[in-house]
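Reader: I would like to learn how to read a few features from a structure. Could you walk me through some of them?

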Amino acid sequence: MNPPTVVQARWTQVLRHLRTIPSQDDAARLADELVAGRQPRMLAFVNAHAMNSAVGDFDFYKALCDADVLLRDGSGMAMLFRMLGGEPGLDMNGTDFIPRLLETYRGRRVALWGTREPWLAAAAERCRSEFGVELVSCENGFHPPAHYCDEVRRTRPELIVLGMGMPKQERVARLVRATAQGAPLIVCGGAIIDFLGGKVRRAPRWVRRVGIEWAYRLLLEPRRLFHRYVIGNPLFMLRAWRCRAAWAR
């Protein structure tokens, strides 16, 4: 396990960069703010898994701190905020917020990069029919980062949704932002393309309301998500308690 000082230092910096959203009106204003940007921007989400990953992966940690907008995702982060005496605001998970962004980009140029067929094509069709966007680029999530830089120069999307998973999507987002022309919004969306394409089902609303969607996903994908949740969640809480004790001194 990493020394507590590393955990405290990195978590402190991530939390300083994280933007809490108090209300649905504030979420709507954020969506309008993002669509009106005049330079390339990177939007990322921070959940318990991201906080754990930031401890052991310096490049990923720097990518989170370098995001133009960093939002809280999940009940674990809400618990951390409250343990530290803060107000967590809304749960701004990408699975809910990214469709809202797609609606805001109706009629505009969008790229989907992530997952594989047939779910990528299904997600693209849903984005066209439900959100009315113009899909200018659909790429799987397994190319080298330079491929996506070439693709953004070729297709000039206004919104890029990445569904490659952490930490690849954050690294790709930073590189694309540094090389892009125009003013694309680059969103690190985790499993969003799988959700849009029907590969992964959302938990029932009552499960989401009580903050245990992670358990529902673990039941659906136990092998892939075992380490993230069964090992990662207790590790996150242990680190949170240690940080609380250290910051209280």
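Reader: Let me start with a position: where is the place of Val 210?

Author: Happy to help, and keep in mind that this is a predicted model. Val 210 is in the loop between helix H11 (205–209) and helix H12 (213–220).

Reader: Is Val 210 buried or exposed?

Author: Here a cut-off helps: exposed means over 50% relative accessible area, and buried means under 20%. Val 210 has 53% relative accessibility, so Val 210 counts as exposed.

Reader: Which residues make a nonpolar surface patch with Val 210?

Author: The patch is made by Trp 206, Val 210, Ile 212 and Trp 214, and its area is about 400 Å².

Reader: Let us turn to aromatic rings. How is a pair of aromatic rings described?

Author: Two values do the work: the distance of the centres and the angle of the planes. In this structure there are four aromatic pairs. Take Phe 58 and Tyr 61: their ring centres are 5.9 Å apart and their planes are at 50°, so this pair is tilted.

Reader: Where do Phe 58 and Tyr 61 lie?

Author: Both are in helix H4 (residues 58–66), three residues apart, which is about one turn of the helix. Their exposure is worth reading too. Phe 58 is partly exposed, with a relative accessible area of 45%, whereas Tyr 61 counts as buried at 11% relative accessibility.

A second pair is formed by Trp 214 and Tyr 229, with ring centres 5.8 Å apart and planes at 50°, so this pair is tilted.

Reader: Which parts does the pair of Trp 214 and Tyr 229 tie together?

Author: Trp 214 lies in helix H12 and Tyr 229 in helix H13 (residues 222–248), so the pair ties together parts that are 15 residues apart in sequence. Trp 214, which you met in the nonpolar surface patch, is partly exposed at a relative accessible area of 34%. Tyr 229 is buried, at 11%.

Reader: Rings can also be read together with charges. Which residue lies over the face of Trp 119?

Author: That is Lys 199, at 4.9 Å from the ring centre. Another case is Arg 202: its charged end sits over the ring of Phe 195, 5.7 Å from the centre of that ring.

Reader: What salt bridge does Arg 202 form?

Author: Arg 202 forms a salt bridge with Glu 213, and the closest N and O atoms are 2.8 Å apart. The pair links distant parts of the chain: Arg 202 is in the loop between H10 and H11, Glu 213 is in helix H12, and they are eleven residues apart. As for exposure, Arg 202 counts as partly exposed at 21% relative accessibility, while Glu 213 counts as buried at 17%.

Reader: Which residues do salt bridges that share partners join into one network?

Author: Asp 66, Asp 68, Arg 174 and Arg 177 are joined in that way.

Reader: How many salt bridges does a search of the whole structure find?

Author: The search finds 16. One of them is between Glu 134 and Arg 109, whose closest N and O atoms are 3.7 Å apart. This pair also links distant parts of the chain, with Glu 134 in strand S5 (residues 134–139) and Arg 109 in strand S4 (residues 109–114), 25 residues apart. Glu 134 is partly exposed, with a relative accessible area of 39%, and Arg 109 counts as partly exposed at 28%.

For a salt bridge within a helix, look at Glu 125 and Arg 128, whose side chains meet at 3.8 Å, N to O. They are three residues apart in helix H7 (residues 119–131), so about one helical turn separates them.

Reader: Back to the loop between H10 and H11. Is Ala 203 buried or exposed?

Author: Ala 203, found in that loop, is buried, with a relative accessible area of 2%. Leaving aside neighbours within four places in sequence, Ala 203 is in contact with Arg 208, Glu 213 and Tyr 216. The C-alpha atoms of Ala 203 and Tyr 216 are separated by 6.1 Å, although the two residues are 13 residues apart along the chain.

Reader: One last helix: which residues of helix H5 (residues 75–83) are buried?

Author: They are Gly 76, Met 77, Ala 78, Leu 80, Phe 81 and Met 83. After H5 comes Gly 85, with a positive phi near 85°.

How values were computed: Residues numbered from 1 in each chain as written. Predicted model: local features only at pLDDT ≥ 70, side-chain atom pairs only at ≥ 80, totals over all residues. Heavy atoms only, no water. Buried < 20%, exposed > 50% of the residue type's maximum accessible area, 1.4 Å probe, protein only. Helix = DSSP H or I, 4+ residues; strand = E, 2+ residues; numbered from the N terminus. Patch = residues over 30% accessible without salt bridge, like charges linked within 9 Å, V, L, I, M, F, W, Y side chains within 5 Å. Areas by Shrake-Rupley, 256 points an atom, 1.4 Å probe, with all protein chains shown as cover. Salt bridge = Lys/Arg side-chain N within 4 Å of Asp/Glu carboxyl O. Phe/Tyr/Trp six-rings, centres within 6.5 Å; stacked < 30°, edge-to-face > 60°. Lys NZ or Arg CZ within 6 Å of the ring centre and 35° of its normal. Contact = heavy atoms within 4.5 Å.
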